[in-house]
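The following paragraphs lead through one protein structure, moving from a single residue to the metal sites, the cysteines and a pair of helices. The reader is invited to keep the sequence and the coordinates at hand.

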Amino acid sequence: MEQPDLLTQFDQAAELIAASRWPLLICHVAPDGDAIGSLLGLTWILRALGKNVTPASQDGVPKNLRFLPGSQTVVSQAAGQADLVIAIDSSDLERLGTVYDQALLNNVPLLNIDHHITNLMFGSLNVVAPTATSAAEVVYDLAQSQGWPIPPEAAQSLLTGLVTDTRGFRTSNVSARTLEIAQRLMEAGGSLHAVTEGVLEQRSFDTVCLWGHALAAARLQDGIAWTAIPLTMRVPCNGVEQSDSGLANFLVAADEVEVAVVLVERKEGPIDVGFRSAGRVDVAQLALGLGGGGHPRAAGCTLNMSLPEAKALVLRATREALAALPSQP
Ligand code: AMP
Ligand code: MN
Ligand code: MN
């Protein structure tokens, strides 16, 4: 069960929610299954409590998550009034993107619900549980602690967050309790099959094409596997956007790899960096040092520089993190 201080935070969060009529819920940019799943899960729970909820995501809802009920109600720009902002699955304020309009929302309480160990505690109330597998799990625990009903639409959404952030119950933080929560969510109306079939391994052929080019360009040196995806690499693949974290997961699974790094050039300029660790290097700290964040085995950052500069910086930092490890017996 949760630690006592987390239970206190749940009670405080429930007080903020009780006082709100127009909560605005925001997930992180380039949303994944947990971002959208926890966003919509909490949306349905709060709607059942009679709240006028606006779910928001700067980058909308990815195609493979549009089967989730309520995904068509997600806005990409906040309009109208809000008397409470709830940030979900985001370790810092910047990652909420342009939906969080500082000027407009400065005097509105900000509830930060997350599970990243690198969370910067940017909320007026922070409910951060680094041992939780997903933000969806934190939302589930919050609802349980308050006796809030979980409608079937919320169950499907939260199950999606739980399953995607654990890559189908395969990450090292999965416990018997994770499976118990999944069971409860299935009993409440969530379909496991809808997530495993529709989301986990599903990708377009254009993405498969891009993987082909990115894997052909991959290099391995001293336990670090890396590849870079410049804009030009997308051209023969119908310009597909690289948004699939499966590539970094695939690279880190190679026997010789301690850390996998995937650098992606974005149209707007910045470089997105994804890190995966086989277990010895804490990539959450590595990414935090570069202005990003994440989890010990999966993390990322965004760098405002050219791709060659980003590659040099990231590889240097990764080599240093590896060199700082105690030598293996
Ligand atoms: P990804 O490689 O995109 O699947 O991300 C792995 C983990 O790192 C997720 O928990 C993300 O929330 C986190 N992460 C990725 N990119 C960033 C970033 N630019 N800033 C902070 N955290 C990030
Ligand atoms: Mn996420
Ligand atoms: Mn998450």
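Leaving aside its neighbours within four places in sequence, which residues is L263 in contact with? The model is a predicted one, and in it L263 is in contact with T227, A228, I229, I271, D272, V273, L307, A310, K311 and V314. The residue belongs to strand β8, which covers residues 259-265. With a relative accessibility of 0%, L263 counts as buried; the cut-off for that term is a relative accessible area under 20%. A155 provides a reference point elsewhere in the chain: 108 residues separate A155 from L263 along the sequence, and their C-alpha atoms are 34 Å apart.

A155 leads to a helix pair. It is one of the residues of helix α5 that meet helix α6; the others are L158, L159 and L162. On the side of α6, the residues met are T178, I181, A182, L185 and M186. Helix α5 spans residues 152-165 and helix α6 spans residues 176-187; their axes come within 9 Å and cross at roughly 155°. Because of that angle, α5 is roughly antiparallel to α6, the limit for this description being over 145 degrees. The crossing of α5 and α6 is left-handed.

The metal sites come next. The manganese ion (ligand 3) has as its protein donors D34 (OD), D89 (OD), H115 (NE2) and D165 (OD), which lie 2.2 to 2.3 Å from the ion. Along the sequence, these donor residues follow the spacing D-x54-D-x25-H-x49-D. Two of them show how the site links distant parts of the chain: D34 sits in helix α2 (residues 33-48), whereas D89 sits in the loop between β3 (84-88) and α3 (102-105), 55 residues apart. D34 is buried, at a relative accessible area of 0%, and D89 is buried as well, at 2%.

Which residue coordinates both the manganese ion (ligand 2) and the manganese ion (ligand 3)? D89 does so, and the two ions are 3.7 Å apart. The protein donors of the manganese ion (ligand 2) are H28 (NE2), D32 (OD), D32 (OD) and D89 (OD), at 2.2 to 2.6 Å from the ion; D32 is thus listed twice among these donors. The donor residues of the manganese ion (ligand 2) are spaced H-x3-D-x56-D in sequence. D32 lies in the loop between β1 (23-27) and α2, and D89 in the loop between β3 and α3, so the pair ties together parts that are 57 residues apart in sequence. D32 is partly exposed, with a relative accessible area of 31%, whereas D89 is buried.

A further loop residue may be considered here. T118 is located in the loop between β4 (110-114) and β5 (125-128). Apart from its neighbours within four places in sequence, T118 is in contact with S91, A284, Q285, L288, G293 and G294. Its relative accessible area is 4%, so T118 is buried.

The cysteines complete the picture. A disulfide is a covalent bond between the sulfur atoms of two cysteines. The structure holds 1 disulfide, which joins C209 to C237 with an S to S distance of 2.2 Å. The torsion about the S-S bond of C209 and C237 is about -70°, and the disulfide is therefore left-handed. This pair also links distant parts of the chain: C209 is in helix α8 (residues 205-216) and C237 in the loop between α9 (231-234) and α10 (246-252), 28 residues apart. C237 has a relative accessibility of 0% and counts as buried.

Why does the sulfur of C301 form no bond with the closest cysteine sulfur, in C27? The two sulfur atoms are 20 Å apart, which is too far for a bond. C27 likewise is in no disulfide, the nearest cysteine sulfur being that of C301. Both residues are buried: C27 has a relative accessible area of 0%, and C301 has a relative accessibility of 5%.

How values were computed:
Residues are numbered from 1 along each chain as its sequence is written. Chains are lettered from A and ligands numbered from 1 in the order in which they are written. This is a predicted model: local features need pLDDT of at least 70, side-chain atom pairs count only at pLDDT 80 or more; totals for chains, interfaces and linings use all residues. Side-chain values use heavy atoms; hydrogens and water are left out. Donors are N, O and S atoms within 2.8 Å of the metal (3.2 Å for Na, K and Ca); water is not among the atoms, so sites may look incomplete. Helices (H or I, at least four residues) and strands (E, at least two) are DSSP runs, numbered from the N terminus. Buried means under 20% relative accessible area, exposed over 50%, partly exposed in between (1.4 Å probe, protein chains only). A disulfide is a pair of cysteine sulfur atoms within 2.5 Å. Axes are lines fitted to C-alpha atoms, for helices over the stretch in contact, and angles run from 0 to 180 degrees between N-to-C directions. Angles under 35 degrees count as roughly parallel, over 145 as roughly antiparallel, 65 to 115 as roughly perpendicular and the rest as oblique. A crossing is left-handed if the near helix is turned anticlockwise from the far one by less than a right angle, and right-handed if clockwise. Contact means heavy atoms within 4.5 Å.
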